[in-house]
Every structure is written in C-alpha cells, then in structure tokens.
Amino acid sequence: RAFHEAPRYAVGDQWEYSQPAYRSQPAMERIVRVKAISPDGEVEFSTGEKRMHDGASLTPGGSGTSLRAVIAFPLQVGQSFEQGTGDFVTVDGVKNADQPMRCRAEGIEPVTVAAGTFQAFRIRCDYSFVSVAGTRLAKSLRWFAPVVRRDVKVHYTSWDARGSEAKPSYDHTVELVRATLY
C-alpha cells in the first residue's frame, strides 16, 4: 500500500539493530525499546543500549521521544517533508543544534536484513551538521517497514561541505536484527 498512517506502539516493543565496525568505531548492536506512552499518545523510547559484538560490554543509553524521528505521517509515496534532527552530539564530540532534514518518500520496495525481508518505504533525506572538521553535508537512505513500525535499514553518508559526495568521509549502514512487538 502506498500510504501508511502513524504506527501504534506498545510498551515493551523492542528493536535490535546491528552496525558493522567502521573506521575506529567497533561493531555494535543498538537496542531501542518503548518505555512509556503518555495519555496523549507521546511515545518515550529508551534509545541507546549498545552491546559491542564481542559481547564484553554494554553501555546504557538515554531516552527521548524519538530517535531523530524523520518520518512525517501519514506517509505516502512521492511525499516530501522537512523534519528537525533534534539537538545531537557528533562522534567527535561537537554539539549541534536542531537542523532541518529534507526528506522524500521515493517508493516502496522489498528490503532484506538479518530480521527478514520486508516491504518498506524508501525515504531519502539530506541535511548538514557541524563537526570538528567543519560543516558536513549528509544523506540518509532509510527503509521504513510498516509491519515492524520502524526503519529496518538506514544507510548514512557524509562528506566535507567543500568536498565531493563521491568521496564520503563517513559511510555506514545500520540494519534490523530482531523486532519484538506487542
């Protein structure tokens, strides 16, 4: 279906994502859980337990109302929208204020990840942020699968604003490994 309403979450819903090693960052899994849902429907996620793939360490995460939620609902193919990135800190420690992220739902296609094969909306986003190296331009290509209520795959790239997209300085993919939904 080329149209989808906002997902309905339940307390305890959980998604586990895998991120391969990239440069100096080790491979890890990220766990996202629905912690609470307010009477007005605001969803609070726990957003950051990380488990290194060697299984030796677990770091607690924070919580928030979104994981840099970038999808505007109801969602439909061809739709363009702009969302804020929220305040965030880059891996090199630079704090960024909310930045506009311009997105477009390009189509629906099957995407295969460790958790299975899903029909997903392909959403392309463009944005910028500041790092120690200066202003960075970035893109994300995300696949939102209504059946699991979240992205099943996200591919991120970024490059120096003076440089070329053909030579990204950051290029990695995060994929869904498992979803437990109530």
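What share of the contacts between residues at least 6 apart in sequence join residues at least 24 apart? Here are my notes, point by point.

1. The answer is 44%. Keep in mind that this is a predicted model. As for the secondary structure, the chain has 15 strands and zero helices.

2. Some overall numbers next. The chain runs to 182 residues, and 39% of them count as buried. Its accessible surface is about 9600 Å², with carbon and sulfur atoms accounting for 52% of that.

3. On to the inside. The largest nonpolar core has 17 residues, and the members touching the most others are Trp-15, Val-148, Val-152 and Leu-176. Several strands each put in at least two residues, among them strand 2 (14–19), strand 3 (28–37), strand 4 (43–52) and strand 15 (170–180). Strand 11 (100–113) and strand 12 (116–131) are also on that list. Strand 13 is the top contributor, giving three residues. There is also a second core, separate from that one, with 14 residues including Phe-81, Cys-103, Ala-138 and Phe-144. As background, nonpolar side chains in soluble globular proteins tend to be buried together.

4. I'd look at the aromatics after that. The structure has four aromatic pairs. One of them joins Tyr-9 and Trp-15 edge-to-face, with 5.8 Å from centre to centre and 85° between the planes. The two partners sit in different settings: Trp-15 is buried at a relative accessible area of 0%, while Tyr-9 is partly exposed at 22%. Add Phe-45 and you get a cluster, with ring pairs linking Tyr-9, Trp-15 and Phe-45.

5. Another pair is Phe-73 with Phe-144. Their ring centres are 5.4 Å apart and the planes are at 65°, so this pair is edge-to-face. Phe-73 belongs to the loop between strand 6 (63–64) and strand 7 (75–76), whereas Phe-144 is in strand 13, so the pair ties together parts 71 residues apart in sequence. Phe-73 is partly exposed, with a relative accessible area of 30%; Phe-144 is buried, at 2%.

6. Two charged side chains are worth a look as well. Arg-150 lies over the face of Phe-45, 4.9 Å from the ring centre. Lys-153 has its charged end over the ring of Trp-143, at 5.2 Å from the centre.

7. Now for Arg-149. Is this residue buried or exposed? It counts as buried, because its relative accessibility is 16% and the cut-off for buried is under 20%. Arg-149 is in the loop between strand 13 (134–145) and strand 14 (150–160).

8. Which residues does Arg-149 touch, leaving aside those up to four places away in sequence? The list is Pro-7, Arg-8, Tyr-9, Ala-10, Asp-13, Trp-15, Phe-144, Leu-181 and Tyr-182. With Asp-13 there is a polar contact, side chain to side chain, at 2.5 Å. Leu-181 is 32 residues away from Arg-149 along the chain, yet their C-alpha atoms are separated by 8.9 Å.

9. If you open the model with these notes beside you, I'd begin at Arg-149 and go through its contacts. They include Tyr-9 and Trp-15, the edge-to-face pair from point 4. Phe-144 is on the contact list too, and that residue is a member of the second core.

Methods
Residues numbered from 1 in each chain as written. Predicted model: local features only at pLDDT ≥ 70, side-chain atom pairs only at ≥ 80, totals over all residues. Heavy atoms only, no water. Helix = DSSP H or I, 4+ residues; strand = E, 2+ residues; numbered from the N terminus. Buried < 20%, exposed > 50% of the residue type's maximum accessible area, 1.4 Å probe, protein only. Contact = heavy atoms within 4.5 Å. Polar contact = N/O pair within 3.5 Å; in protein donor to acceptor, adjacent residues only side chain to side chain. Areas by Shrake-Rupley, 256 points an atom, 1.4 Å probe, with all protein chains shown as cover. Core = buried A, V, L, I, M, F, W, Y, C linked by side-chain atoms within 4.5 Å. Phe/Tyr/Trp six-rings, centres within 6.5 Å; stacked < 30°, edge-to-face > 60°. Lys NZ or Arg CZ within 6 Å of the ring centre and 35° of its normal.
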